[in-house]
Amino acid sequence: MSTLEINDLHVTVDTEDGAKEILKGVTLTIKDGETHAIMGPNGSGKSTLAYSIAGHPKYTITGGTVTLDGEDVLAMSVDERAKAGLFLAMQYPVEVPGVSVANFLRTAKTALDGEAPKLRTWVKDVNGALEKMNLDPAFSSRSVNEGFSGGEKKRHEIAQMDLLDPKVALLDEIDSGLDIDALKVVSEGINRFTEREGKGVLLITHYTRILRYVKPDFVHVFVNGKIAEEGGPELADQLEAEGYDKYVKADQQELV
Amino acid sequence: MTVTENLSAALELDKVESHLHPTGSFDLADHAIPTGREEIWRFTPLKRLRGLHTDAPLGGASFTTDIKAPEGIAVEAVATAEAKRGLSGLVPWDRIAARTWDAAARTLVVTIPKEHIADEPVYVTVDGTATSAEDEATATHVVLTAEAFSKATVVFRFTGSMTLADNVEIIVGDGAQLTVVSIDDWADDAVHVGHRHVRVGRDASFKHVDVTFGGSVVRHDTTADYAGPGGSVDMLGLYFADAGQHIEHRLFVDHTAPNTKSNVVYKGALQGEGARTVWIGNVLIRKVAEGIETYEENRNLVLTDGCHADSVPNLEIETGEIEGAGHAAAIGRFDDNQLFYLRSRGVSEKEARRLVVHGFFNDLIRHIDVPELEESLFATVEAELAKNVLAEDNA
């Protein structure tokens with residue numbers, strides 16, 4: 001059982017010209033077992049939504065609430081949010097030189113569970129998760145994200161999701177920069193995750209391509225920091241055919 | 001004419017004026033008392049050198065030496081008058097080195113015989129026993145020779161309290177492989193100014209590992225040149241400056257022969273009010289040094305407010321006929337994105353900081369390739385972190 005409730009969320013980011021509002025009242029509920037796709041043009045605030053929920057220090061919440069199973073997410077530190085069951089797959093995963101994937105994964109698992117994983121089964125689990133993402137077992141001795149190809153970074157993010165087993169996964173443009181083979185591997189990873197009991201997914205994407213492999217229950221169109229349109233999977237097909245123009249224009253007219 | 005001057009002449013090198021590395025001299029009169037404005041002294045807190053750079057007597061003996069050498073390697077402390085000095089080409093290039101040359105009563109002579117392969121490292125531990133800053137300073141000399149085709153590791157460890165000025169000459173014979181590790185693990189009040197010069201033989205490889213954790217002021221000049229083509233030099237450094245500590249490293253690789261290699265990588269962390277580090281790297285590629293390859297890098301991680309790091313890489317190139325030359329320097333704080341990434345996986349801020357710092361030093365420690373030391377170096381990094389980064393309750 002897991003429900004992520006975002007209610008009237010307002011977020012600003014500091015710029016040279018002062019605080020700039022990026023999210024202008026976002027309301028969205030991800031219930032048990034649901035996959036939501038968020039689509040929108042560049043700069044519409046899709047990524048900001050994911051990073052704000054995960055607690056990146058760059059963003060300031062100026063209004064609204066986010067709860068996970070009734071718990072106030074915004075009151076939690078970044079690591080407390082992860083412990084509560086949130087996971088963020090980043091568009092640009094960060095390099096951590098000198099820290100091996102194996103060490104990183106074990107440290108994360110230990111932090112989340114409050115105890116070190118059992119060595120024998122853990123090594124098997126890690127190798128299994130890497131293998132499912134077409135990553136060689138030798139991958140675990142490399143430094144986190146250092147020298148990884150774009151595809152390896154994304155597959156590594158999904159392998160982490162598999163191993164850390166969150167309640168709700170926020171996937172920020174997990175499909176960007178992937179060739180079709182890697183996209184399929186990543187999509188299969190997401191599908192294996194959603195098949196588990198009660199997992200929520202917020203899939204942020206610029207393109208409809210990934211939605212041929214990962215079927216969303218709901219599609220939200222994001223324009224200028226707000227949800228401009230909502231619907232079922234058919235909305236993705238419509239976007240594929242028509243693009244974002246009509247929503248962007250409507251938003252601009254609203255301003256006039 | 002001394003042996004050294006003969007050797008220098010034999011190399012028949014063009015004189016290259018380098019403001020970073022003035023021409024050396026054995027005559028103290030050639031080395032004026034520094035004012036602190038000179039290029040080579042401007043980063044150093046002269047007032048804290050206890051007169052090493054002026055005229056303070058250097059006859060102190062407040063230390064003990066413990067030596068562990070595997071069979072087949074000769075280690076002996078002899079009266080300096082009996083030692084063959086100057087074989088490395090070391091000519092004192094500043095006042096402290098010149099004074100140390102004159103004053104060193106004792107010379108430690110370590111010789112790895114021709115073709116000898118040592119299974120275990122030689123350990124030389126100098127433990128300072130000074131009871132106050134007024135105890136007379138000590139000058140010592142070391143001549144370390146790895147004869148042709150030998151292979152060995154020599155570890156110098158410095159502990160306790162004293163004021164030490166030392167000159168270390170290292171001669172790596174043709175085809176020899178020598179690793180020298182120097183660990184400044186002094187008590188907080190020690191002062192150590194060291195000059196090390198290595199001459200690397202034909203097709204020989206030399207690795208210098210410079211670890212600096214302790215001491216009030218530690219300043220090391222480490223220089224290398226090549227007696228023939230094909231030699232390779234690795235200089236790896238790891239330092240951790242705490243509140244009030246001054247740690248200064250000045251590196252100079254003089255590519256005096258063709259097809260030689262050098263790789264200089266120093267990494268340091270700073271924490272606490274007044275922690276200060278200086279890193280000056282310089283590589284000179286002479287006209288004769290065609291086909292050489294060189295890289296120098298210094299990275300500093302500033303862990304708290306109130307620290308100051310200087311990092312200046314230099315490259316003087318007299319020929320363009322080389323394989324490659326590069327350098328990099330960086331001074332940075334914890335990367336917010338790194339910490340965020342780790343924390344978004346449930347790792348606490350403290351643990352995330354620990355991981356990042358361990359990672360920062362990890363690559364370097366693994367490259368040292370002396371298994372006996374790896375664990376203790378990681379433990380030392382951990383202990384340093386415990387003082388500050390991990391001690392903050394709110395972290």
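Which backbone oxygen lies 2.5 Å from a polar atom of the side chain of A:Ser52? In this predicted model, the oxygen in question belongs to A:Thr48. A:Ser52 is part of helix α1 of chain A, which runs over residues 46-54. Because its relative accessibility is 3%, and the cut-off for a buried residue is under 20%, A:Ser52 counts as buried. Apart from neighbours within four places in sequence, A:Ser52 is in contact with A:Val11, A:Leu23, A:Tyr59, A:Ile61 and A:Arg81. A further residue, A:Thr12, is separated from A:Ser52 by 40 residues in sequence and by 9.7 Å in space, taken from C-alpha to C-alpha.

A second helix of chain A, α6, comprises the 16 residues 180-195, and the 22 Å from its first C-alpha to its last is close to the 22 Å expected at 1.5 Å a residue. At its N-terminal end, α6(A) is capped by A:Asp179, a side-chain oxygen of which lies 3.2 Å from the backbone nitrogen of A:Asp181. The buried residues of α6(A) are A:Ala182, A:Leu183, A:Val185, A:Val186, A:Ser187, A:Gly189, A:Ile190 and A:Phe193. These buried residues pack against two helices of chain A, α4 (119-132) and α5 (150-164), and against two strands, β9 (168-172) and β10 (200-205).

Turning to the interface between the chains, 19 residues of chain B are in contact with 34 residues of chain A. The area buried between chain B and chain A is about 2000 Å², and carbon and sulfur atoms give 65% of that area. Of the area that chain B buries against chain A, 40% is supplied by B:Phe340, B:Tyr341 and B:Arg345, which is more than any other three residues supply.

Polar and charged interactions also cross this interface, where 10 residue pairs in polar contact are found, both residues of each pair being at pLDDT 80 or more. Helices α3 (336-343) and α4 (349-368) of chain B each supply at least two residues of the side of chain B that touches chain A, and α4(B) gives the most, with 8 residues. By character, the residues on that side of chain B divide into 7 nonpolar, 7 polar and 5 charged. Across the interface of chain B and chain A there are 2 salt bridges. A salt bridge joins the side chains of A:Glu157 and B:Arg345, with a distance of 2.8 Å from N to O; B:Arg345 is also one of the three residues that together supply 40% of the area chain B buries against chain A.

Technical notes:
Residues numbered from 1 in each chain as written. Chains lettered and ligands numbered in written order. Predicted model: local features only at pLDDT ≥ 70, side-chain atom pairs only at ≥ 80, totals over all residues. Heavy atoms only, no water. Contact = heavy atoms within 4.5 Å. Buried area = accessible area lost by both parts, 1.4 Å probe. Salt bridge = Lys/Arg side-chain N within 4 Å of Asp/Glu carboxyl O. Polar contact = N/O pair within 3.5 Å; in protein donor to acceptor, adjacent residues only side chain to side chain. Helix = DSSP H or I, 4+ residues; strand = E, 2+ residues; numbered from the N terminus. Nonpolar A, V, L, I, M, F, W, Y, C, P; charged D, E, K, R; others polar. Expected span 1.5 Å × (residues − 1). Buried < 20%, exposed > 50% of the residue type's maximum accessible area, 1.4 Å probe, protein only.
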